[in-house]
Amino acid sequence: MNDKAIKLFRFIYGIAVSIMLGVSAVLLIAACLQIYRSGGEQIYTPEKVAAAFAPIAMPVYITLALVAGSFLLTWLLPTEKKRLPAQKQ
């Protein structure tokens with residue numbers, strides 16, 4: 001892969017990770033609010049938490065996989081070569 005293709009891939013991958021992190025955060029907040037608003041004597045029972053978090057499990061797992069993949073891609077893809085400024089003589 002050339003440098004432009006690597007930069008483009010990293011850019012698109014970064015956007016995908018950012019979007020999935022945002023979606024997962026919104027879904028987690030919505031699930032927590034749903035648990036809280038359900039009320040009752042015992043709000044945070046394991047059954048209520050499991051029922052509220054079950055629908056959002058897949059987006060959260062995909063987000064975790066993308067984040068883990070970004071760490072792997074950091075090691076696999078070459079990084080940009082930094083240019084040193086010319087020294088004044």
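# Notebook: a predicted three-helix chain

**Entry 1, valine 49.** I began with valine 49, which lies in helix α2. The model I consulted is a predicted one. I looked up the accessibility of this residue: its relative accessible area is 24%, so valine 49 is partly exposed, given that buried would require under 20%. I then listed its contacts, leaving out residues up to four places away in sequence, and found Ile35 and Tyr44. For isoleucine 35 I also looked up the backbone separation. The C-alpha atoms of valine 49 and isoleucine 35 are 6.8 Å apart, although their positions lie 14 residues apart along the chain.

**Entry 2, the chain overall.** I next recorded the secondary structure, which comes to 3 helices and 0 strands. Read from the N terminus, the order of elements is α-α-α. The radius of gyration is 21 Å, whereas the globule rule gives 12 Å for 89 residues; the chain is therefore more spread out than a compact globule. I noted the extent of the C-alpha trace along its principal axes as about 75 × 30 × 15 Å.

Of the 89 residues, 18% are buried. The chain exposes about 7,600 Å², and 68% of this area comes from carbon and sulfur atoms. I also looked up how contacts are distributed along the sequence. Of those between residues at least 6 apart, 69% join residues at least 24 apart.

**Entry 3, helix α1.** Helix α1 covers residues 3–38. I checked its length against expectation: at 1.5 Å a residue, its 36 residues should span 52 Å, and the end C-alpha atoms are 52 Å apart, so the two values agree. After α1 comes glycine 39, with a positive phi near 65°.

Which residues of α1 are buried? I recorded Ile6, Tyr13, Val17, Met20, Ser24, Ala31 and Ile35. I then asked what the buried residues of α1 pack against. Their partners are α2, residues 46–53, and α3, residues 57–76. Isoleucine 35, a contact of valine 49 in Entry 1, is among these buried residues.

**Entry 4, serine 24.** I selected serine 24 from the buried set in α1. Its relative accessibility is 6%, so serine 24 counts as buried. Setting aside neighbours within four places in sequence, I found serine 24 in contact with Pro59, Val60 and Thr63.

I added tyrosine 61, which is placed in helix α3. Is tyrosine 61 buried or exposed? At 55% relative accessibility, tyrosine 61 counts as exposed, because the cut-off for that class is over 50%. The C-alpha atoms of tyrosine 61 and serine 24 are separated by 9.3 Å, and the two residues are 37 apart along the chain.

**Entry 5, the surface of α1.** Finally I looked up nonpolar residues on the surface. Leu8, Phe11, Ile12, Ile15, Ile19 and Val23 form a nonpolar patch, with about 570 Å² of accessible area together. I checked one member, valine 23, which is found in helix α1. With a relative accessible area of 38%, valine 23 is partly exposed; valine 23 can belong to the patch because membership asks for over 30%. For the spacing of the patch members I noted a general point: an α-helix has 3.6 residues a turn, so residues three or four places apart point the same way. In sequence, valine 23 of the patch directly precedes serine 24, which is buried at 6%.

Terms used
Residues numbered from 1 in each chain as written. Predicted model: local features only at pLDDT ≥ 70, side-chain atom pairs only at ≥ 80, totals over all residues. Heavy atoms only, no water. Patch = residues over 30% accessible without salt bridge, like charges linked within 9 Å, V, L, I, M, F, W, Y side chains within 5 Å. Areas by Shrake-Rupley, 256 points an atom, 1.4 Å probe, with all protein chains shown as cover. Salt bridge = Lys/Arg side-chain N within 4 Å of Asp/Glu carboxyl O. Helix = DSSP H or I, 4+ residues; strand = E, 2+ residues; numbered from the N terminus. Buried < 20%, exposed > 50% of the residue type's maximum accessible area, 1.4 Å probe, protein only. Rg over C-alpha atoms; globule rule 2.2 N^0.38 Å. Contact = heavy atoms within 4.5 Å. Expected span 1.5 Å × (residues − 1).
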